[in-house]
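User: Please take a close look at one part of the structure shown here, and describe it in a connected account with the cut-offs of each term.
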Amino acid sequence: FWFINWLILVKKEHSFDSYSKKPLKEEVRKAMKRYFRQLESNAPIDVYDLVLSEIEPPLLKQTMKYARYNQSKAAKILGINRTTLRTKLKKYKIEK
């Protein structure tokens, strides 16, 4: 899926959740499988936006916390430019 590559922040082999010891992509695969199964006969729409709106806020919050709220450091960690980071922080109303 398109979103799996976006989610991997580090090398594929090293993208483990420290609790489950499973690759993040496997957890996403299982979550999406459950999501589609629960839809039953309903047609999914805007799945990309749904996934981003669920994943981006905690990703940004935890990265900002890790970078001690230094936007330049957080942007570098995320691999995006600072302006993009600021836009996303504003979108999700993420503050210190």
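The part in question is the packing of H3 against H5, together with the nonpolar core.

Analyst: This is a predicted model, in which local features need pLDDT of at least 70 and side-chain atom pairs count only at pLDDT 80 or more, while totals for chains, interfaces and linings use all residues. Residues are numbered from 1 along each chain as its sequence is written, and side-chain values use heavy atoms, with hydrogens and water left out.

The protein contains five helices and zero strands, in the order α-α-α-α-α along the sequence. Helices are DSSP runs of H or I with at least four residues, strands are runs of E with at least two, and both are numbered from the N terminus.

H3 and H5 pack with their axes 10 Å apart and at an angle of about 120°. Each axis is a line fitted to C-alpha atoms over the stretch in contact, and angles run from 0 to 180 degrees between N-to-C directions. From H3, the contact draws on Glu56, Leu60 and Met64; from H5, on Leu85, Lys88, Leu89 and Lys91. Contact here means heavy atoms within 4.5 Å. By class, these residues comprise four nonpolar, no polar and three charged, where Ala, Val, Leu, Ile, Met, Phe, Trp, Tyr, Cys and Pro count as nonpolar, Asp, Glu, Lys and Arg as charged, and the others, Gly among them, as polar.

The largest nonpolar core has eleven residues, including Leu60, Met64, Leu85 and Leu89, which also take part in the contact of H3 with H5. Such a core is a set of buried Ala, Val, Leu, Ile, Met, Phe, Trp, Tyr and Cys residues joined through side-chain atoms within 4.5 Å. Buried means under 20% relative accessible area, exposed over 50%, and partly exposed in between, with a 1.4 Å probe and protein chains only. At least two residues of the core come from each of helix H3 (47–66), helix H4 (71–78) and helix H5 (82–91).

Leu78, a further core member, is in contact with Leu59, Leu60, Thr63 and Leu85, leaving aside neighbours within four places in sequence. Thr63 lies in helix H3 and counts as buried because its relative accessibility is 8%. Not counting residues up to four places away, Thr63 touches Ala74, Ile77 and Leu78.

Across the protein, buried residues make up 26% of the 96 residues. Of the contacts between residues at least 6 apart in sequence, 39% join residues at least 24 apart.
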